[in-house]
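Colleague: Got a minute to walk me through this model? I'd like to ask a few quick things as I look at it.

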Amino acid sequence: MALLELAHVSKRFGGLLAVSDVSFNLDRGEILSMIGPNGAGKTTAFNCVTGLFPITSGSITLDGEPISGLPPHRITKLGIARTFQNIRLFAFMTAVDNVMVGAHWWMKERVWDGAFRTGRARREERSVEQRALELLDLLGLSRYAGSYAREMPYGLQRRLEIARALATQPRLLLLDEPAAGLNTQEKKELMQLIARLRDEGLTILLIEHDMRLVMEVSHRIVVLDHGEKIAEGSPADVRTNPRVIEAYLGTGASNEMQSA
Amino acid sequence: MPDRFRSLFRADTGQGQRTRGNTVFWILSSTAAALVLMGWLLPWFVDAYSAGAGFSPQDALISPPTGVGTILIYVLAVTMVILVASPLVEPLARLRGTTFGRRADRIRLIAALVGFALTVVIWFLVSVIQEEPLFGSFGPGTYTDSAVWLTMYGYALAALVYGARPWVVGRQTLAFGIAVLPFGIFLPLMFHQAPDFLDWAAGSLAIYMLLALGLNVVVGFAGLLDLGYAAFFAIGAYACASFASPTHNIHWPLWILIFLGAAIASLFGAVLGAPTLRLRGDYLAIVTLGFGEIIPDLATNNVFNLTGGPNGISGIDQPKFWFLNFSTSPRWYYWSLLLVSLVVIVLLRNIERSRVGRAWVALREDEVAAASTGINTTTTKLLAFAIGASVSGLAGAFYGSIVSIVSPDDFSFSVSIAVLSIIVLGGIGNIAGVILGSFILTFVIFWVLPNMNEWSTTLSQTVHVPGLAGIDFSSYTYIIYGLALILMMLLRPGGLLPSRARQIELESGGESESLAAVQGVA
Amino acid sequence: MSEYKGPPAADPGALGVGTSRGGSAMLVAQSGLAPRHGRAGGILGGLGPLVRLLQGWISTYFSLLLLGMMALAIGLTGVQHGVTLMGEQIKNALVLGAIYALVAIGYTMVYGIIELINFAHGDVFTASGFYAFGFASLFHLDSLATGSFGGLILALVIVFPLSMIAAGVTGALIEFVAYRRLRDAPRLAPLITAIGVSFLIEGIMLVVEGPDNVTTHMASWINGEAFSIAGVSVGYTDLFVIGMALVLMFALGAFVRRTRLGKAMRSTAQDRTAALLCGININRTISATFFIGSALAAAAAIIYSINYGVLKWNIGFHLGIIAFTAAVLGGIGNIVGAGVGGFLIGIIYVFGGSLFGGEWSEALIFAVLVLILTFRPVGLFGVEVTTRA
Ligand SMILES: Nc1ncnc2c1ncn2[C@@H]1O[C@H](COP(=O)(O)OP(=O)(O)O)[C@@H](O)[C@H]1O
Ligand SMILES: [Mg+2]
């Protein structure tokens, strides 16, 4: 059974059908990329999966259980974590605290534990902080552990968002244009990171415009245009699909796609 | 000790930290100056009629030196001038580009220590040898005692700030606490001759401080604007009144009632909050305002015959444990409230640094991201609401017992605004700031303004300006609240003592939409 | 940026979080791969869908419920107290509603354009009532107005424009001093300032005008019965109040739809950045919005004064909240909605009072406010809009 399954999902904003009857599956351990021109509805699809938008019709299931209609935090608890296209960190929290927020839902500490600083609370705080620092370390951010998120360089903010998402102990990670604004070196590191996450068994749904990256890491690709799914298949299939080339025509990405 | 490490992390924005530390330094050093000055002027100022009775250098100038005490007073005057001038001169010097070095600090430290010692000596001379005519009597009705205490406190404070300047700048919160706590503890002793001042300290300062601490959880920590906070105060007060008065013939002890008041208020907080906390920030503000108006309305209309209508409930018990008779002096209330406040402060600080506190900050900074990171926005907000309300209910229970009568007028919108002004003035989200703010605002509103009526009448008789008599200064209350809110928001949005992140946050602007806005719910 | 040296060694294995450092550290927590059952969320978890269903149902039929209950209240009053009293009350409701409507428009315009609940608006209302009172005594308008019909017209022609201009300037000034600098600050900041301005104005009026009711003599300007139907006597004052309100509202509607400034206002309300790009002077447009809103409040205050004859330093606070409720009821940002909402709130206020007793009117309005914002924040006629994520 697929881990995530979207069946005939539509999302309407007033007169605009931002996502229109989109269906696809995501298997365990797979990296699926969603591509398409700007405004194709990719981010909207993410928002639907993570419960930020109620869907207009269709169904979304995780591990066979329907998740559409659940509030975002419940979906996170079920194991879906995400990053945002326009970075949404807690700007005036330190990097460690940002990551520790990711541990919020699975921490056992209750209010009174915190209020009276019980031994249990302190032990847990310590181990969570340890885990947060470890995540920062693994993502190469330990230098910035104590900085406010807004003081970090842009590329590292993107990575911090990934660290925060990983702290929620996800089964499925949704990355919304993680390479946007990164330089070549950072992109290479990102690619390694994604590969490593895959090796550790995480399932990833990726939105990305960088064709080289997409072609390299994805097992399969779904192409959206004007809210509709116009193609799905292996990178090689998608690359040669005439509808995809048409959708991308003149965007520059089409050339890149061929060369990637 | 992860906490130590965390504070290490947080200290990394060196610049902001220093500025804040300097603010605390400046506040403490000017407070020291003010106290010294007040000790100097108080007998003269307050006891205008007891002619010369007091502890004041200007008397020494008038009458020729007759003894050791008088000569010592000249020395004392020098130390006073140094310490009073310092907080004014130092910023001026900085404006002109020069700074005072270590040496200046050392001189001032010496001045403070000498002053302190001299005060003790002179006090001794006065009370034992009774050296006249310089010093007035310590009898009832004079403020000589208070003046001595204030002077000593001022010197001690000055010794602290000038003696340990780097420490004060570095550990501002701790320094602030150490500077303020003894004052809080000894206040009833220092002013034992002024029962109405103690009434103020218990009934206004301590109560409003508790209220502000509670509202700070809602507004400061969680970032939700609650304009009907007085409602929970009312609920606590009425709960206490109902269970400890002849009205329903129930007489429970206060220490049970404060918990009961807190519990009932937090229950109401949760019940009222549950349906509304999904709303956007400004809508939430106006809904809470609505609740804040409905609750006193209900009390006025005597719902279920519980509240006694517009006249309220009177004859509320004042507790009496063996030798502690609360009805004889406000000091017992004051000390109980101080104790309760300290407990509340410690608990709130702990919560602020715990899992929930982090969730509040996350929520305040970006509700959408917080929700997507696994935070249940509704229950987290509800928790802030309930905790804030419970502190308010606690204060309400005390309040009912102190004033012994509660009526709907005590819980009007202006109470909510007073509490809001306190935290805006002191520093939204910063407990130390809230304490400072509650002191300043309640002092001005509930002590200075009511007394101004009398002072100005006296003054009008002395200087023969009839216009000064009969001005009702209490009617300026609203203007003061208004100005405090406007000026702070425009000029110093972080408040007098801004919390670490809050200052930059408020100044740099940019706020994310609430989850409700994103989902199109509200 | 100081190098972080890492925390001291923690007790290993607490809560099963991997603490091993070096090569074997995992990015993905192992428990993350295990199936989870996050669905059932305690006792309340099961209630969630039910509550949501109920809430959805109430939201959908909120308008019908509210209007139905209003009709019921009117009918009940008629049955209980007779048709004459019912007619009397309808008249009162319309008069009150006219005043609320004019004030509500100010709230709605400001909210529509800068998304701020302008708490000071209710107090601008009171202040302009005092302005009018001031102008009336300055130019001895009382004797002029009570002298002859022409004199009355003249007095009105003097007092309306002067007070409206004064109030408009006050409103624009408030915006300039207190809100403009906070336009891009977090929402809470201007909201708090607005409350501050409200208290400041109230405080000034308290000091200047005193704590008691102030009789303005304007109640004697217009009098006499115009006609009576079914025993309900309708005075010229009533006609004047409702007529004036309607005229002003239609004038405003025409202004917003026809003039350049009105169009600028509408486009600024829709998208400030886009309006700026189209060359609209945002600052001037916002000032004009405050000016017009406050001027309408002044008109409302004069009408109020003519109808009731008294003012008090703090009437604006409650009246303001009630008018704000009207604005929300009609859909905030919607000028026509605010007008209609004002009259609806007038009906709720008056008939709620006649059913439950006058002391409950205000609590009832607040309850309505809470209910609307909870169940139908878009107002009776509003359509749901989604903002961007
Ligand atoms: N909250 C919203 N309200 C209205 N329209 C929206 C909203 N979010 C996205 N849209 C519209 O939906 C379409 C798809 O947007 P998006 O999903 O962000 O595209 P992509 O991520 O593929 O670039 C766009 O036309 C956008 O304007
Ligand atoms: Mg996108």
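Modeller: Sure, here is a chat about chain C, the metal site and one strand of chain A.

Modeller: This is a predicted model, where local features need pLDDT of at least 70, side-chain atom pairs count only at pLDDT 80 or more, and totals for chains, interfaces and linings use all residues. Residues are numbered from 1 along each chain as its sequence is written, chains are lettered from A and ligands numbered from 1 in the order in which they are written, and side-chain values use heavy atoms, with hydrogens and water left out.

Colleague: OK, how many helices and strands does chain C have?

Modeller: Chain C has 13 helices and four strands, taken as DSSP runs (helices H or I, at least four residues; strands E, at least two) numbered from the N terminus. Of its 389 residues, 53% count as buried, meaning under 20% relative accessible area, with exposed over 50% and partly exposed in between (1.4 Å probe, protein chains only).

Colleague: Which residues of helix α8 in chain C are buried?

Modeller: In α8(C), residues 260–270, those are G262(C), A264(C), M265(C) and T268(C). They fall within an arc of 160 degrees seen down the helix axis, so they line one face; the arc uses the directions from the axis to the C-beta atoms. R260(C) and Q270(C), on the other side, are exposed.

Colleague: What do the buried ones pack against?

Modeller: α2 (83–114), α7 (236–258), α9 (272–277) and α10 (282–308) of chain C, where contact means heavy atoms within 4.5 Å.

Colleague: Switching topic: which protein donors does the magnesium ion have?

Modeller: For ligand 2, T43(A) through OG1 and Q85(A) through OE1, lying 2.0 to 2.1 Å from the ion. Donors are N, O and S atoms within 2.8 Å of the metal (3.2 Å for Na, K and Ca), and water is not among the atoms, so sites may look incomplete. T43(A) lies in α1 (42–49) and Q85(A) in the loop between β6 (80–82) and α3 (95–102) of chain A, so the pair ties together parts 42 residues apart in sequence.

Colleague: Are those two buried or exposed?

Modeller: In between: T43(A) is partly exposed at 24% relative accessible area, and Q85(A) is partly exposed at 30%.

Colleague: And why is β7 of chain A largely enclosed?

Modeller: Five of the five residues of β7(A), 172–176, are buried, so the rest of the structure largely encloses the strand. β7(A) runs parallel to β6(A), joined by three bridges, and parallel to β8(A) (203–207), joined by five; strands pair if DSSP finds at least two bridges between them.
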